[in-house]
Amino acid sequence: QIETDADIPADHPLWASQARRALNVLADFTKTPDKCFFCIWEGVAGDVLSPTEREGPLVAVPHRRYVLFAGRVRDYIEADDGPFDGDSGPVPAFVWPADRRWCFASDIGTHWAGIGADRVAIEKLIDTPGLDVVQAMPNELPPAYR
């Protein structure tokens, strides 16, 4: 389902804002918030990264390559300049802390992320006001807008 198929109120938080809120919650569930990794798909990198930044390091998975950044999770949450600034900046395709306590994964052009974390972190995400979260179960169809 694409986002334009849903009737979303105009004042609903934008996708980048929702991603920042989720990562703000997840930051409390790692012992390494100052050492996180961020991947941005090279297909959007040309819009937001300098030629030098686009050269890598690169992470390759089947059919996609990503530019890899390292930094604090707060670097993304509080971004006010650089590739991830503002609500119109790209949402990283992957974010994870060095201790691998959780992983945030978002595909190109989607309006959702898959988040793997322990139960306490997931419950905190579900209970966070202003954050759209549904629990996905492996034996169920993925949730969709209603």
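Colleague: Quick one: Cys36, buried or exposed?
Modeller: Cys36 is buried, at a relative accessible area of 0%. Buried here is under 20% relative accessible area, exposed is over 50% and partly exposed is in between, using a 1.4 Å probe and protein chains only.

Colleague: What should I know about the model and the numbering?
Modeller: It's a predicted model, where local features need pLDDT of at least 70 and side-chain atom pairs count only at pLDDT 80 or more, while totals for chains, interfaces and linings use all residues. Residues are numbered from 1 along each chain as its sequence is written, and side-chain values use heavy atoms, with hydrogens and water left out.

Colleague: OK, how many disulfides?
Modeller: Zero, taking a disulfide as two cysteine sulfur atoms within 2.5 Å.

Colleague: Why is there no bond for Cys39?
Modeller: Its closest cysteine sulfur, in Cys103, is 8.9 Å away, which is too far for a bond. Cys39 is buried as well, at 1%.

Colleague: Switching to the sheet: what's the strand order?
Modeller: It's an open sheet of six strands, ordered 2-3-1-4-5-6 with antiparallel pairing. Strands are DSSP runs of E, at least two residues, and helices are runs of H or I, at least four, both numbered from the N terminus; two strands pair if DSSP finds at least two bridges between them.

Colleague: Which strands stand at the edges?
Modeller: Strand 2 (58–61) and strand 6 (114–116); each has a single partner strand, so one side of each has no neighbour in the sheet.

Colleague: And how many bridges join strand 1 to strand 4?
Modeller: Four, between residues 36–41 and residues 94–97, running antiparallel. Cys39 stands opposite Phe94 there.

Colleague: How many aromatic pairs?
Modeller: Two, counting Phe, Tyr and Trp rings (six-membered ring for Trp) with centres within 6.5 Å; planes under 30 degrees apart are stacked, over 60 edge-to-face, the rest tilted. Phe37 and Trp96 are stacked, because their centres are 5.5 Å apart and their planes at 25°. That pair links strand 1 and strand 4, 59 residues apart. The other, Tyr66 with Phe94, is edge-to-face at 5.3 Å and 80°. Tyr66 is in strand 3 (residues 64–71) and Phe94 in strand 4, so parts 28 residues apart in sequence are tied together.

Colleague: Is Tyr66 buried or exposed?
Modeller: Tyr66 is buried at 4%, whereas Phe94 is partly exposed at 25%.

Colleague: Last thing, what sits over the ring of Trp41?
Modeller: The charged end of Arg64, 5.5 Å from the ring centre. The rule wants NZ of Lys or CZ of Arg within 6 Å of the centre and within 35 degrees of the ring normal.
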